[in-house]
Amino acid sequence: MTVYDVLKRPIITEKSSFQNAKLNQVAFEVDMDATKPMIKDAVEFLFDVTVERVNVSVAPAKRTRRWQSRRVKVRRSAYKKAIVTLAAFNTIDIFEGVK
């Protein structure tokens, strides 16, 4: 697995925006096989920042229904989420608002 395969996408929600603004943390969806050292190396290499800590959690798969037909059940797959704490005064531009 290369550095580019570890991070899938940033997670931008109301909670992650608060964490970015107040706690200097960013959230990413990562590959299920990624470990904490692999995530740390990927973030430091791709965004040129210093990572202090990496917290990882796995969001479980959920069952839901289709929008048009309530009878059709769909299973959303599980995903792994990493919350990366950056060193002081380090930022990632994709998480920043209008400057």
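The exercises below, each with a worked solution, concern a predicted model.

**Exercise 1. Describe the overall make-up of the protein: its elements, their order and its extent.**

Solution.
- Step 1. Count the elements: the protein has 3 helices and 6 strands.
- Step 2. Put them in order. Along the sequence the pattern reads α-β-α-β-α-β-β-β-β.
- Step 3. Take the extent from the C-alpha atoms, which fill a box of roughly 50 × 35 × 20 Å along the principal axes.
- Step 4. Turn to the surface. About 7,300 Å² is exposed, and carbon and sulfur atoms supply 50% of it. Of the 99 residues, 32% are buried.
- Step 5. Look at the contacts. Among those between residues at least 6 apart in sequence, 63% join residues at least 24 apart.

**Exercise 2. Determine which strands pair with β2, and in which sense.**

Solution.
- Step 1. Start with β1 (residues 7–10). β1 pairs with β2 in the antiparallel sense over 3 bridges. Within this pairing, Pro-10 has Phe-28 of β2 as its bridge partner.
- Step 2. Go on to β6 (residues 79–86). β6 also pairs with β2 in the antiparallel sense, over 6 bridges. Here Glu-29 has Lys-81 of β6 as its bridge partner.

**Exercise 3. Work out how far the two faces of β2 are covered.**

Solution.
- Step 1. Recall the general rule: side chains in a regular strand alternate between the two faces of the sheet.
- Step 2. Sort the residues by face. Gln-25, Ala-27 and Glu-29 are on one side, and Val-26, Phe-28 and Val-30 are on the other.
- Step 3. Check burial. The residues on both sides are all buried, giving 6 of 6 for β2.

**Exercise 4. Locate the salt bridge and give the accessibility of each partner.**

Solution.
- Step 1. Count: the structure holds 1 salt bridge.
- Step 2. Identify the pair. Glu-29 and Arg-9 form a salt bridge in which the closest N and O atoms are 2.7 Å apart. The pair links strand β2, which holds Glu-29, to strand β1, which holds Arg-9, and the two residues are 20 residues apart.
- Step 3. Classify the acid. Glu-29 counts as buried because its relative accessible area is 13%, where buried means under 20%.
- Step 4. Classify the base. Arg-9 has 43% relative accessibility and is therefore partly exposed.

**Exercise 5. Find the residues with the most contacts in the largest nonpolar core, and the elements that supply the core.**

Solution.
- Step 1. Take the core of 16 residues. Those touching the most other members are Leu-7, Phe-28, Ile-39, Val-43, Val-84, Leu-86 and Ile-92.
- Step 2. Assign elements. At least two residues of this core come from each of β2, α3 (36–47), β3 (51–59) and β6.
- Step 3. Follow one member. Leaving out residues up to four places away in sequence, Val-43 touches Leu-7, Phe-28, Asp-48, Val-49, Val-51, Val-84 and Ile-92.
- Step 4. Set this against the general tendency: in soluble globular proteins, nonpolar side chains tend to be buried together.

**Exercise 6. Which residues other than glycine have a positive phi, taking Asp-48 and Phe-89 as the cases to examine?**

Solution.
- Step 1. Recall the background: most residues other than glycine have a negative phi.
- Step 2. Examine Asp-48. Its phi is near 55 degrees, a positive value. Asp-48 lies in the loop between α3 and β3 and is exposed because its relative accessibility is 69%.
- Step 3. Examine Phe-89. Its phi is also positive, at about 70 degrees. Phe-89 is in the segment after β6 and, with a relative accessible area of 85%, counts as exposed.

**Exercise 7. Is Asn-24 buried or exposed, and what does Asn-24 touch?**

Solution.
- Step 1. Place the residue: Asn-24 is in the loop between α2 (14–23) and β2 (25–30).
- Step 2. Apply the cut-off. Asn-24 is buried because its relative accessible area is 18%, and the limit is under 20%.
- Step 3. List contacts, not counting residues up to four places away in sequence. Asn-24 touches Gln-19, Val-84, Thr-85, Leu-86, Ala-87, Ala-88, Phe-89 and Asn-90.

**Exercise 8. Identify the members of the nonpolar surface patch and place Tyr-4.**

Solution.
- Step 1. Name the members: Tyr-4, Phe-45 and Leu-46 make a patch of about 340 Å².
- Step 2. Place Tyr-4, which is found in helix α1 (residues 3–6). At 58% relative accessibility, Tyr-4 is exposed.

Methods
Residues numbered from 1 in each chain as written. Predicted model: local features only at pLDDT ≥ 70, side-chain atom pairs only at ≥ 80, totals over all residues. Heavy atoms only, no water. Patch = residues over 30% accessible without salt bridge, like charges linked within 9 Å, V, L, I, M, F, W, Y side chains within 5 Å. Areas by Shrake-Rupley, 256 points an atom, 1.4 Å probe, with all protein chains shown as cover. Salt bridge = Lys/Arg side-chain N within 4 Å of Asp/Glu carboxyl O. Helix = DSSP H or I, 4+ residues; strand = E, 2+ residues; numbered from the N terminus. Buried < 20%, exposed > 50% of the residue type's maximum accessible area, 1.4 Å probe, protein only. Contact = heavy atoms within 4.5 Å. Pairing = 2+ DSSP bridges. Core = buried A, V, L, I, M, F, W, Y, C linked by side-chain atoms within 4.5 Å.
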